[in-house]
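Q: Please give a close reading of one strand in this structure, and then relate it to other parts of the chain that deserve attention. I am new to the structure, so kindly explain each term when it arises.

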Amino acid sequence: MSVLIVIPARFASTRYPGKPLVALTGATGEKRTLIERSWRAGRAVQGVDRVVVATDDERIKDAAESFGAEVVMTSVDCANGTERCAEALVNAGLEAELVVNFQGDAPLTPSWFVADLIAAMQTAPEMDVATPVLRCDHATLASFRADRQAGRVGGTTAVFGTSNEALYFSKEVIPYSDQAALEAQVPVFHHVGVYAFRRAALLAYPDLPVGTLERLEGLEQLRFLENGHRVKCVEVDARGRIFWELNNPTDVPLIEAELQKDLA
């Protein structure tokens with residue numbers, strides 16, 4: 001199965017404009033931009049034939065090409081990363097049976113998360129999309145709940161059936177569980193924002209109607225569920241790794257600390 005990684009990156013982030021070009025210091029003191037570190041993380045995944053950066057901004061294009069990345073230009077009208085990945089396929093005539101949306105602001109994403117997605121899609125031909133989920137520990141669950149009580153979004157959670165087929169994704173902490181349930185294994189799963197798509201499903205995505213749930217939650221993957229596409233949740237193991245995304249300037253020192261720890 002041919003596999004392509006597309007890394008969507010845009011300059012006009014609402015919370016952190018220009019963040020793909022922010023410099024992050026690694027273990028040996030070297031500075032590399034966020035987009036370069038995400039590209040390197042994507043290239044570390046085993047079993048991938050090609051990695052491209054998809055952007056709407058010439059500054060990101062120039063930076064990515066300077067460190068050797070292949071770049072596909074897309075429009076400024078893409079509503080989310082999945083639409084940008086789909087447009088990149090069309091604009092550049094990219095061929096692959098499986099396309100992975102690897103987030104451009106998540107350089108800490110473990111390579112085995114993506115490898116697990118690829119393996120899952122190879123063994124489940126009936127699934128259109130696969131995405132990683134990670135069982136919360138008690139500390140993470142407490143953090144998610146504290147964020148919601150304070151009016152913040154601390155993470156996205158996922159619920160799925162016995163076949164691991166997604167039922168719903170939410171920025172709320174679901175499913176509900178009382179204190180007795182929490183004394184055992186936590187029943188809440190954190191959704192990790194990486195996706196593997198069948199080519200046909202990805203190309204169909206931009207033309208699918210945006211439903212009420214996607215608008216309310218602001219979660220792009222709900223468009224698949226609302227339109228009858230099957231999404232497989234693949235449980236992964238973090239192996240002690242932390243994989244924050246870079247959403248705000250305050251995330252920079254946290255990610256740099258992990259980069260330095262991981263590369264030391």
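A: The account below begins with one strand and then turns to helices, rings and cysteines.

The model is predicted, so local features need pLDDT of at least 70 and side-chain atom pairs count only at pLDDT 80 or more, while totals for chains, interfaces and linings use all residues. Residues are numbered from 1 along each chain as its sequence is written, and side-chain values use heavy atoms, with hydrogens and water left out.

The strand chosen is β11, residues 195–198. Helices (H or I, at least four residues) and strands (E, at least two) are DSSP runs, numbered from the N terminus. Tyr195 and Phe197 point to one side of β11, whereas Ala196 and Arg198 point the other way. These residues are all buried, a word that stands for under 20% relative accessible area, with exposed meaning over 50% and partly exposed in between (1.4 Å probe, protein chains only).

Strand β11 has pairing partners, where two strands pair if DSSP finds at least two bridges between them. With β6 (residues 98–101), β11 pairs in the antiparallel sense over 4 bridges, and Tyr195 is the bridge partner of Asn101. With β7 (residues 129–135), β11 also runs antiparallel, joined by 2 bridges; here Phe197 is the bridge partner of Val129.

Tyr195 and Phe197 also belong to one aromatic cluster with Tyr205 and Phe224. Rings of Phe, Tyr and Trp (its six-membered ring) pair if their centres lie within 6.5 Å; planes under 30 degrees apart count as stacked, over 60 as edge-to-face and the rest as tilted. The structure holds 6 aromatic pairs. In the pair of Phe160 and Phe189, the ring centres are 4.9 Å apart and the planes lie at 65°, so the arrangement is edge-to-face. Because Phe160 lies in strand β8 (residues 157–160) and Phe189 in strand β10 (residues 189–191), this pair ties together parts that are 29 residues apart in sequence. Phe189 is buried, at a relative accessible area of 7%.

Rings also meet charged groups. A charge sits over a ring if NZ of Lys or CZ of Arg is within 6 Å of the ring centre and within 35 degrees of the ring normal. The charged end of Arg59 is placed over the ring of Phe11, 3.6 Å from its centre, and Arg239 lies over the face of Trp112, 4.1 Å from the ring centre.

Helix α1 (residues 34–43) contains Gly42. Of the 10 residues in α1, 8 are buried, including Leu34, Trp39 and Gly42. Gly42 has a relative accessible area of 0%. Leaving aside residues up to four places away in sequence, Gly42 touches Ile5, Val51 and Phe102, contact meaning heavy atoms within 4.5 Å. In helix α5 (residues 138–149) one finds Asp147, which is buried at 14% and, with the same exclusion, touches Arg152, Val153 and Gly154.

Finally, the structure holds 0 disulfides, a disulfide being a pair of cysteine sulfur atoms within 2.5 Å. The sulfur of Cys78 is 9.1 Å from the closest cysteine sulfur, that of Cys85, and is therefore too far for a bond. For Cys233, the nearest cysteine sulfur is that of Cys136, 13 Å away. Cys78 counts as buried at 11% relative accessibility, and Cys233 counts as buried at 1%.
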